[in-house]
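Work through the exercises below with the coordinates open. Each task is followed by a solution in steps.

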Amino acid sequence: MAAQKSAHPAPNSTRRSEKSRRAIYDAALALVAEVGYPRTTIEGIAARAGVGKQTIYRWWSSKADVLLEAFLDLSEQASRDAGPEYEFAIPDTGDLAADLKAVLRLTVDQLKDPRFEAPSRALAAEGVVNEEVGRVFMTKLLEPSLLLYVDRVRAAQVAGQVRQDVDPRIALELWVSPLAQRWLQYTGPISYAYTDTLVDYALYGIAPRAR
C-alpha cells in the first residue's frame with residue numbers, strides 16, 4: 001500500500017530558523033536599550049524572543065556576539081532603506097562637499113531613529129568602559145563605515161579636490177568625531193544644518209577666505 005501524503009506540508013526549517021534569528025535580533029536590541037549592556041543576558045534574550053537559550057548558543061558564543069550581529073543587521077537595513085547607492089560606498093558625484101553632506105544627513109536620520117538610537121547608545125557607552133566590547137564595536141561596526149569615508153576622500157585626492165598630503169583617516173574625524181560626541185554626550189542638537197556646517201568647516205576651514 002502506497003504511503004499517503006500528509007495534508008500538511010513539512011515545516012520549512014530554513015524559514016523557521018530565520019524567524020527565530022529575527023526574533024533574537026529584535027529581543028537583544030530591545031533588551032539592551034531597556035536595561036543596558038551589563039544587565040542584558042542570554043537567558044533574558046531567549047525568554048523575550050520565545051526561544052530556548054541553547055538555540056542562541058548554537059549560533060553565538062556570547063551576548064556581545066548576539067548584540068553586535070543584531071546591530072549589524074539593523075545597520076544593513078538602514079543602508080538598504082537609504083538606497084542601493086549607499087550600501088557599499090559613498091556616492092561620488094564629483095562634488096565632495098555635497099556627497100559628504102548627503103551621507104551625513106542619512107547618518108542624522110539614523111541616529112534619531114528610535115530603533116537605532118537606544119541600542120546604539122547602550123553599546124557605545126559599554127564600549128567606553130569595556131575595552132573588549134569597544135574593540136569589537138570598532139572593528140565590526142565602525143571601521144567598515146569609516147573606510148567608506150577614506151575611499152571617498154582618496155577619490156577626491158585623485159580628482160585634485162583634496163591636497164595629496166592629507167591623511168584621509170585623520171580628515172574624516174573632522175566631521176565624524178564632532179557628530180558622534182554631540183550625539184553621545186548630548187552637548188547639542190544634531191541636524192542637517194549642523195552636519196552641513198561640519199563639512200564646510202572641514203573642507204574650507206575657519207580662516208577668512210581670500211577674495
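**Exercise 1. A33 and its distant partners**

Leaving aside neighbours within four places in sequence, which residues is A33 in contact with?

Solution. The model is a predicted one.
- Step 1: locate the residue. A33 lies in helix α1, residues 13-35.
- Step 2: set the sequence neighbours within four places aside. A33 is then in contact with A118 and P119.
- Step 3: check a C-alpha distance. A33 and F116 are 83 residues apart in sequence, yet 9.5 Å apart in space, C-alpha to C-alpha.
- Step 4: classify the exposure. The relative accessibility of A33 is 35%, so A33 counts as partly exposed. The partly exposed class runs between 20% and 50%.

**Exercise 2. The chain as a whole**

Describe the secondary structure, burial and surface of the chain.

Solution.
- Step 1: count the elements. The chain has 10 helices and zero strands.
- Step 2: take burial. Of 211 residues, 34% count as buried.
- Step 3: take contacts between residues at least 6 apart in sequence. Of these, 61% join residues at least 24 apart.
- Step 4: take the surface. The accessible area of the chain is about 13000 Å², and carbon and sulfur atoms hold 55% of it.

**Exercise 3. Helix α5**

Test the span of helix α5, then find its buried residues and what covers them.

Solution.
- Step 1: compute the expected span. Helix α5 covers residues 96-112, which is 17 residues; at 1.5 Å a residue, the span should be 24 Å. The multiplier is one less than the number of residues.
- Step 2: compare with the model. The end C-alpha atoms of α5 are 24 Å apart, so the two values agree.
- Step 3: list the buried residues of α5. They are L96, A97, D99, L100, V103, L104, V108 and L111.
- Step 4: read the spacing. An α-helix has 3.6 residues a turn, so residues three or four places apart point the same way. Among the buried residues of α5 are L96, L100, V103 and L104.
- Step 5: find the cover. Helices α6 (114-129), α7 (131-158), α9 (173-185) and α10 (192-204) are included in what covers the buried residues of α5.
- Step 6: inspect the start of α5. There, a side-chain oxygen of D95 comes within 3.3 Å of the backbone nitrogen of A97.

**Exercise 4. Aromatic rings and charges**

How many aromatic pairs does a search of the whole structure find?

Solution.
- Step 1: run the search. The whole structure yields five aromatic pairs.
- Step 2: classify W59 and W60. Their ring centres are 5.6 Å apart and their planes stand at 85°, so this pair is edge-to-face. The cut-off for edge-to-face is over 60 degrees.
- Step 3: extend the group. Ring pairs link Y25, W59 and W60 into a cluster.
- Step 4: compare exposure. W59 is partly exposed at 26% relative accessible area, whereas W60 is buried at 5%.
- Step 5: look for charges over rings. The charged end of R21 sits over the ring of W59, 4.4 Å from the ring centre. R182 lies over the face of Y194, 3.9 Å from the ring centre.

**Exercise 5. Two loop residues**

T40 and Y186: is each buried or exposed?

Solution.
- Step 1: place T40. T40 lies in the loop between α1 and α2 (42-49).
- Step 2: apply the cut-off. T40 has a relative accessible area of 1%, so T40 is buried.
- Step 3: list the contacts of T40. Beyond the neighbours within four places in sequence, they are L31, V32, V35, I45, K63 and L67.
- Step 4: find a polar contact. The side chain of T40 reaches the backbone oxygen of G36 at 2.7 Å.
- Step 5: place Y186. Y186 is in the loop between α9 and α10.
- Step 6: apply the cut-off again. Y186 has a relative accessible area of 61%, so Y186 is exposed.
- Step 7: check the backbone. Phi of Y186 is near 55°, a positive value in a residue other than glycine.

**Exercise 6. Two helix residues**

Characterise Q157 and A202.

Solution.
- Step 1: take Q157. Q157 lies in helix α7 and is buried, with a relative accessible area of 8%.
- Step 2: list its contacts beyond four places in sequence. Q157 touches V162, R163, Q164, V166 and P168.
- Step 3: take A202. A202 lies in helix α10 and counts as partly exposed at 23% relative accessibility.
- Step 4: list its contacts likewise. A202 is in contact with L174 and W175.
- Step 5: add a distance. A202 and L172 are 30 residues apart along the chain, with 8.7 Å between their C-alpha atoms.

Methods
Residues numbered from 1 in each chain as written. Predicted model: local features only at pLDDT ≥ 70, side-chain atom pairs only at ≥ 80, totals over all residues. Heavy atoms only, no water. Helix = DSSP H or I, 4+ residues; strand = E, 2+ residues; numbered from the N terminus. Buried < 20%, exposed > 50% of the residue type's maximum accessible area, 1.4 Å probe, protein only. Contact = heavy atoms within 4.5 Å. Polar contact = N/O pair within 3.5 Å; in protein donor to acceptor, adjacent residues only side chain to side chain. Phe/Tyr/Trp six-rings, centres within 6.5 Å; stacked < 30°, edge-to-face > 60°. Lys NZ or Arg CZ within 6 Å of the ring centre and 35° of its normal. Areas by Shrake-Rupley, 256 points an atom, 1.4 Å probe, with all protein chains shown as cover.
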